[in-house]
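Morning, everyone. Please have the model open on your screens. I'll talk about one pocket, then about the two domains.

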Amino acid sequence: MPLIPRFKPNYNWKEWFAAFSFWRNDLNLYENEFAQKFGCLHGLMFSYGRSALYALFKVWNIVDKEIITPAYTCVVVPHAIVLSGNQPKFVDCEKGSFNMDYDQLESSITARTGAIVVTHLFGYAMDVKRIDDMVKSAEKKFSTKIYVIQDLAHSYGTSFQGEMVSQYGDASIFGCNISKIINSIFGGMVITNESSTHLLLKKFREQNTQKAPWTKELKRLIYMMATSFAFQPIFYGLVNYLERRNFLDRFTKYYNDDTIEFPVDWNELPKKIEARVGRIQLMKYDKIIENRRKCAKKTIEYFKDNSDIKFLEYDHECTYSHIVALVENRDEWIVAYRKKRKQLGTIIDYSVPEMKSYTHYKKNLDDFPVAKKYSKHIINFPIVF
Ligand SMILES: *Cc1c(COP(=O)(O)O)cnc(C)c1O
């Protein structure tokens with residue numbers, strides 16, 4: 001029996017046709033279409049989302065500052081903070097939500113705060129209006145500029161009370177690898193309504209990124225083919241077996257517990273094939289989100305009388321990058337579902353301040369208890385019901 005993977009890139013002949021259209025350079029088109037789709041005037045592509053974040057800190061001249069970020073987030077975000085010469089200031093999750101606690105966020109702002117990374121985890125929007133007010137009054141109090149970056153890697157197009165969250169703050173970043181809602185094979189994006197930021201970023205990219213060797217285009221194509229095979233349900237059982245035995249770490253593991261580093265190609269220019277595939281994916285976005293919401297609704301409904309598993313209430317504005325729940329014994333659930341031929345994921349199975357390279361940002365052993373708890377109890381369901 002085939003195994004249903006926890007996620008799977010949504011490619012058909014259109015992506016393949018685009019991938020093989022080697023003569024096309026769609027980078028500018030992709031950047032513009034992406035920005036427009038998610039509510040901003042300007043877009044600029046980087047090789048990773050983390051590279052885009054790093055570039056923002058650099059062009060805004062944020063150095064040796066505290067950057068507020070969730071404790072419970074993808075570790076590449078604090079990596080970008082540290083590698084840009086700043087310090088992360090972690091904020092725990094709000095109980096009953098996966099996003100940052102508002103009171104803790106507010107009390108974390110000091111005269112040394114350079115920026116806040118507002119992560120809308122798993123597609124759930126934070127209250128961007130409340131954060132906007134908070135930041136404005138802190139800016140007055142400390143007479144400094146505090147930059148706000150929306151991390152939309154899980155929440156492309158997420159809205160809060162009907163308005164896209166990308167309308168708030170100074171810029172929004174996106175990760176676009178194959179595990180995201182839509183992808184450009186690899187890649188990251190930054191969008192903004194500020195022309196000055198866009199121009200500075202463009203200049204930064206011209207001066208600080210290298211052109212990738214032409215073989216990289218081919219490598220991306222091969223990667224796209226390999227992953228498409230790997231995610232076919234008939235092969236996926238084997239892939240999952242190899243993954244569980246750590247044979248695929250070279251391809252799947254994106255962090256080390258004890259090192260803060262970027263991948264070697266973090267400052268390469270984006271690849272043409274990525275922009276071409278990204279453009280096709282962009283056109284599928286609405287349909288993909290519609291399907292995800294349907295699937296999330298059904299999954300939540302299915303478990304509504306089961307007290308062993310906790311979901312957040314269905315949220316019609318959430319983009320459901322992952323359909324997550326909390327369970328007491330995660331391993332039991334995973335094994336039981338594998339027998340039913342469905343793979344459960346353990347998305348973000350760490351709290352960043354618990355990682356070896358970040359423990360010194362913690363004051364007490366027991367800081368960030370909610371993030372720690374979530375990291376041990378979270379599971380996510382496949383996006384097909
Ligand atoms: C994927 C992701 C990013 C960006 O990741 P890159 O691999 O650098 O593109 C940023 N934040 C979150 C929460 C993510 O999941």
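Let's start with what lines the second largest pocket. By class, that lining has 16 nonpolar, seven polar and six charged residues. Keep in mind that this is a predicted model. The volume of the pocket is about 580 Å³. It has 29 lining residues, and K8, P9, N10, I383 and V384 are the closest to its centre. Which helix gives the largest share of the lining? That is helix α11, residues 272–302, with seven residues.

Now, where does this pocket lie? The domain assignment splits the chain into domain 1 (14–208) and domain 2 (215–263 + 284–381). Both domain 1 and domain 2 give residues to the lining, so the second largest pocket lies between them.

Next, the two domains themselves. Taken over C-alpha atoms, their centres are 21 Å apart. On the contact list, 52 residues of domain 1 meet 47 residues of domain 2.

How do we put a size on an interface? Often, people quote the accessible area lost when the parts come together. Here, domain 1 and domain 2 bury about 4,600 Å² between them. Of that area, 72% is on carbon and sulfur atoms. Look at the domain 1 side: Y72, F122 and Y124 lose the most area to domain 2. Together, those three make up 15% of what that side buries.

Last, charges. How many salt bridges does the rule find across the interface of domain 1 and domain 2? Two. Find K37 and D286 on your screens: they form a salt bridge, with the closest N and O atoms 3.0 Å apart. Thanks, that's my part.

Key:
Residues are numbered from 1 along each chain as its sequence is written. This is a predicted model: local features need pLDDT of at least 70, side-chain atom pairs count only at pLDDT 80 or more; totals for chains, interfaces and linings use all residues. Side-chain values use heavy atoms; hydrogens and water are left out. On a 1 Å grid over the protein atoms alone, a cavity is a set of points where a 1.4 Å probe fits but cannot get out, and a pocket is an open set with protein on both sides within 12 Å along at least five of seven lines; lining residues have an atom within 4 Å of a point. Grid points are joined across faces, edges and corners, and a volume is the space filled by probe spheres set on the points. Helices (H or I, at least four residues) and strands (E, at least two) are DSSP runs, numbered from the N terminus. Ala, Val, Leu, Ile, Met, Phe, Trp, Tyr, Cys and Pro count as nonpolar, Asp, Glu, Lys and Arg as charged, and the others, Gly among them, as polar. Domain bounds come from an automatic or database domain assignment. Contact means heavy atoms within 4.5 Å. Buried area is the accessible area (1.4 Å probe) that two parts lose on being put together, summed over both. A salt bridge is a side-chain nitrogen of Lys or Arg within 4 Å of a carboxyl oxygen of Asp or Glu.
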